[in-house]
Amino acid sequence: MRSQRQQMIMKLVSEKHIDTQESLQAELAKHGFSVTQATVSRDIKELSLIKTASADGSYRYSIPSLKKSRMQDGGSAVLGFISDSVLSVDYAGNTVVVKCHSGMAQAVCAKLDSTGLDNVVGTLAGDDTIFILMRTESDAQRLLKELNSILYSK
């Protein structure tokens, strides 16, 4: 039941403008899933959903692009590898800095490159550090949130 509910949440968030837990709970009820707000909150955390700005300036729940790639590939190998190899993520301006275990940066960078992240200008990896140049500072902030959702959802 949980798996079916979470698949429905991913579908709803992809197709509709869901801006609150209450609106997600109402949409789930329309599809036959009667759940509490606490369950919705837990599902949002487990799915690592993030809030992103829409074109009109309002906020809505979104699936991180790294999660989208995992869903399309049908496995979590990329996400598991990243969460096991990355120590921290930060950003300055439009550059995201990923600190990895020694010797892991190039492999992590290659995995990130293979996911087709949105609005990446380029990546550069050394021994334990990756620089990801994003188009804008808001793109860098979004990627930071996505990577942190992976790191802290272990």
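**Exercise 1.** State how many helices and strands the chain of this predicted model contains, and give their order.

*Solution.* The chain contains seven helices and six strands. The model is a predicted one. Followed along the sequence, these elements appear in the pattern α-α-α-β-β-α-α-β-β-α-β-β-α.

**Exercise 2.** Determine whether the end-to-end distance of helix H7 agrees or disagrees with its number of residues.

*Solution.* Helix H7 covers residues 137-151, which is 15 residues. The expected span is 1.5 Å times one less than the number of residues. For H7 this span is 21 Å, and the end C-alpha atoms lie 21 Å apart, so the two values agree. As for burial, the buried residues of H7 include Leu143, Leu144, Leu147 and Leu151. Asp139, Arg142 and Glu146 are also buried.

**Exercise 3.** Decide whether Cys100 and Cys109 are bonded or unbonded, and whether each is buried or exposed.

*Solution.* A disulfide requires two cysteine sulfur atoms within 2.5 Å. The structure holds zero disulfides. For Cys100, the nearest cysteine sulfur is that of Cys109, 8.7 Å away. Seen from Cys109, the closest cysteine sulfur is in Cys100, and 8.7 Å is too far for a bond. Buried means under 20% relative accessible area. Cys100 has 3% relative accessibility and therefore counts as buried; Cys109, at 6%, counts as buried also.

**Exercise 4.** Describe the burial, contacts and surface of the chain as a whole.

*Solution.* Of the 154 residues, 40% count as buried. Among contacts between residues at least 6 apart in sequence, 52% join residues at least 24 apart. The exposed area is about 8300 Å², of which carbon and sulfur atoms supply 49%.

Technical notes
Residues numbered from 1 in each chain as written. Predicted model: local features only at pLDDT ≥ 70, side-chain atom pairs only at ≥ 80, totals over all residues. Heavy atoms only, no water. Helix = DSSP H or I, 4+ residues; strand = E, 2+ residues; numbered from the N terminus. Buried < 20%, exposed > 50% of the residue type's maximum accessible area, 1.4 Å probe, protein only. Contact = heavy atoms within 4.5 Å. Areas by Shrake-Rupley, 256 points an atom, 1.4 Å probe, with all protein chains shown as cover.
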